[in-house]
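Reader: I would like a close look at a single part of this model rather than a tour of everything in it. Please choose one sheet, describe how its strands are put together, and tell me how far the surrounding prediction can be trusted.

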Amino acid sequence: MTQDYLDLDVRPILRDGGEPFEKIMEAVAALAPDQGLRLYATFKPIPLFQVLGRQGFGYAAREIGGGDWEVLFSRADIPAETAPAATPASATPSAAGASDWPAPVQEMDNRELEPPEPMVRILAAIEEMRPGEVLSALLCREPMFLLPELEKRGHAWRGGFEPDGETYKITVRVGETGDKA
Amino acid sequence: MLGVTLSRWTMSYFAAALAALLAGEVLMTAGYGFPSAPLRAPETLVVVHVVAIGWLSLLMCGALFQFVPVLIARPLHSNTLPLPALVLLLAGLGALLAGFLQLAGTLDPAPPLLPVAAMLLAGGFALALYDLARTLWPAQPLPLPARFVAVALFFLATTVTLGMLFSFALTTGLGSRPLLAVAGAGLPLHVVAGLGGWLTLAAIGVSYRLLAMFMLAPELEGTRSRAVFWTGTAGLALTVLGGVAALSLDAALAPALIGGSVLGVVALVLYGADIVHLYRARKRRIIELNSQMAVFAFAALAAAAALAVTLIVLGRLSEQVGALVFLIAFGWLTGLGLAKLYKIVAFLTWLECYGPALGRVATPRVQDLVVEARARTWFLLYYLAVASATVALLMAHVLAFRLAAGAMTLATLAIAAELIRARRLVDVSAEIRLPAGAQRPHLLMSVPHPSP
């Protein structure tokens with residue numbers, strides 16, 4: 001069967017240092033029921049896989065050269081690759097030593113974001129996840145104000161600086177009885 | 001618990017501090033104290049201490065209760081102690097001002113209030129120091145910014161001790177000859193310990209971290225930053241501790257002052273190089289108003305260092321020391337203080353109000369709490385007024401100084417109004433001002449553990 005795709009290229013936004021998330025979600029909301037989304041980005045947009053997965057989208061991602069990616073999101077039968085992030089993180093256990101936790105279903109690189117944007121993004125992503133799922137994020141400093149908020153919401157976290165001494169990696173496991181007010 | 005929560009009383013300190021700054025500026029505008037009165041007149045002491053204790057020290061204490069934990073990634077030892085400390089400090093400041101008015105003959109000289117003021121202020125600062133020291137102690141070895149703060153706290157204790165000595169010398173008398181010698185000629189040491197050791201060192205330490213955070217610049221802990229710490233600390237120790245030793249031994253004060261000044265200037269030059277590096281190495285190309293306006297404060301610090309060197313070389317320091325102290329207090333310390341307050345108040349308010357709702361509903365961004373274009377005008381007016389007032393002091397033009405002080409008052413009032421608007425969420429668009437889960441912050445205090 002042929003799938004009709006809406007094309008969205010967020011590479012110019014990303015190259016300008018912008019945040020395309022809203023644009024993507026607008027495009028998704030505007031899709032016809034049988035329509036898919038063809039997204040062009042400057043990196044593999046792993047967080048999106050999870051977010052759109054919740055809305056019933058499968059995806060197929062391929063690198064198209066120059067570090068750019070083309071991702072097809074579709075409500076149709078693209079067999080969703082299982083747990084996209086299961087590969088990278090489990091191969092390299094972090095300094096936080098999350099070996100007895102499941103592999104992260106989401107990974108974020110928040111190192112270039114100004115505070116408090118990393119905190120906002122992490123909390124937003126966690127709200128979309130199921131209890132027991134794990135998120136990992138890279139930051140450029142210890143997320144001092146995030147940690148009490150995670151504890152208050154009943155999530156477990158582990159964190160520490162990577163061997164480079166500059167990157168702080170935090171891994172969060174969503175609480176079983178997450179306080180989802 | 002790891003991490004940092006909101007300091008409960010920091011906003012109360014900020015509010016009291018801003019009220020004191022406005023009071024000091026109104027007094028200067030009204031022609032109370034220097035330059036209308038002599039530099040050492042009781043009236044000048046009133047204005048100086050309203051600004052140094054009421055504004056700068058309360059501002060710094062309030063900021064440290066929130067940011068020492070951030071510097072060392074540990075919670076504040078006690079979130080309760082800052083309140084009795086604030087009450088003691090305000091009572092002590094009131095008694096101190098009344099004590100000065102007794103010296104001026106405005107108030108009845110009996111009973112002498114300066115010793116009472118000394119005890120109250122010592123008690124208040126001791127509580128604040130204890131809380132901050134207990135917070136810092138387990139975090140050793142301290143990161144560099146926290147080391148600046150630790151040394152600054154030592155000089156706060158030194159400043160208060162010298163102040164106590166003066167208050168007893170002026171009222172009940174001092175039994176010991178060496179102590180009397182220190183009280184008699186130690187005023188420059190009190191000023192250097194307070195403005196340099198306490199306020200400037202703490203501001204430098206905190207600035208390293210805040211600038212790196214707000215501009216996405218690398219954290220500086222390298223050789224040059226450590227050299228700032230060591231030369232600055234050594235210069236201040238030589239001036240203040242060496243000076244106290246010299247006076248108590250009946251020796252001349254000049255060697256300690258000159259040696260300390262040389263080290264101090266070296267420290268400031270190195271610090272200036274670090275600041276330039278932080279601005280150049282930032283990842284964030286367009287910086288916010290607080291980082292832009294801090295540039296003028298750094299320029300004022302550089303100008304003050306240049307002015308000090310010039311006055312020493314020309315042998316005119318003693319006649320122009322008022323202008324120099326004014327530039328340090330209002331250009332450097334107050335300028336940096338107001339610029340950073342503009343960011344900190346909005347950030348802490350945002351965190352307190354929207355922290356519990358983050359990720360669950362649409363929330364405003366920190367920058368939605370402020371209108372930078374409006375505040376910029378007032379910051380520019382403030383710095384322009386400070387520059388004019390400094391020139392007026394150098395030229396001994398009293399009326400020009402009072403007009404400039406009036407402009408400073410107006411600008412400060414407007415900036416304070418902007419801070420209150422941020423705290424009140426006035427500039428946040430109504431649809432997203434208070435989404436579900438958010439809680440409207442109290443103007444004067446914070447709730448550290450908002451219930452979701």
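Author: **A sheet in chain A**

Read from the N terminus, chain A runs through the pattern β-α-α-β-α-β-β-α-β-α-β-α-β-β, which amounts to six helices and eight strands; these elements are DSSP runs numbered from the N terminus, helices being H or I over at least four residues and strands being E over at least two. This is a predicted model, in which local features need pLDDT of at least 70 and side-chain atom pairs count only at pLDDT 80 or more, while totals for chains, interfaces and linings use all residues. Residues are numbered from 1 along each chain as its sequence is written, chains are lettered from A and ligands numbered from 1 in the order in which they are written, and side-chain values use heavy atoms, with hydrogens and water left out.

Confidence comes before detail. pLDDT is the predictor's confidence in each residue, on a scale from 0 to 100, and for chain A its mean is 78, with 83% of the residues at 70 or more. Within chain A the highest mean, 93, belongs to strand S6 (residues 134-139), whereas the lowest, 32, belongs to helix H4 (residues 86-91). Over residues 78-98 of chain A the pLDDT stays under 50, and for this stretch the model has 33 contacts beyond four places in sequence, a contact being heavy atoms within 4.5 Å. Where pLDDT is low, the predicted coordinates should not be read in detail.

The sheet that I have chosen contains S6 of chain A: it is an open sheet of four strands in the order S5-S6-S8-S7, and its pairing is mixed. Its edges are strand S5 (106-109) and strand S7 (156-161) of chain A, each of which pairs on one side only. On average, neighbouring strands of this sheet are turned by 15° against each other, with direction ignored; axes here are lines fitted to C-alpha atoms, for helices over the stretch in contact, and angles run from 0 to 180 degrees between N-to-C directions. Strands of a sheet pair through backbone hydrogen bonds, either parallel or antiparallel, and two strands are said to pair if DSSP finds at least two bridges between them.

Starting at the S5 edge, S5(A) and S6(A) are joined by four bridges in the parallel sense, and A:Gln106 stands opposite A:Leu135 of S6(A). Helix H5 (residues 117-127) of chain A packs on the sheet, where it touches S5, S6 and strand S8 (168-173) of chain A, and the direction of H5 makes about 170° with that of S6(A).

From S6(A) onward the sense changes to antiparallel, with six bridges linking S6(A) to S8(A) and A:Ala137 placed opposite A:Ile170 of S8(A). On to the other edge, S7(A) and S8(A) also run antiparallel and are joined by six bridges, A:Arg158 having A:Thr171 in S8(A) as its bridge partner. S7(A) and S8(A) form a hairpin with six residues between them, and A:Gly165 in that turn has a positive phi of about 75°.

Strand S8(A) deserves a further word, since five of its six residues are buried, so S8(A) is largely enclosed by the rest of the structure; buried means under 20% relative accessible area, exposed means over 50%, and partly exposed lies in between, with a 1.4 Å probe and protein chains only. Across chain A, buried residues make up 49% of the 181 residues. The chain exposes about 8,700 Å², of which carbon and sulfur atoms supply 52%, the areas coming from the Shrake-Rupley method with a 1.4 Å probe, where for residues only the protein chains shown count as cover. Of the contacts in chain A between residues at least 6 apart in sequence, 63% join residues at least 24 apart.

As for annotation, an unreviewed UniProt entry places the feature "domain: DUF2249" at residues 8-75 and 107-173 of chain A; such positions are given in the numbering used here, feature names are shortened, and annotations may be inferred rather than shown by experiment. In the model, residues 107-173 of chain A are 27% helix and 31% strand, and the end C-alpha atoms of this span lie 12 Å apart. Residues 8-75 of chain A are 34% helix and 35% strand, with end C-alpha atoms 16 Å apart.
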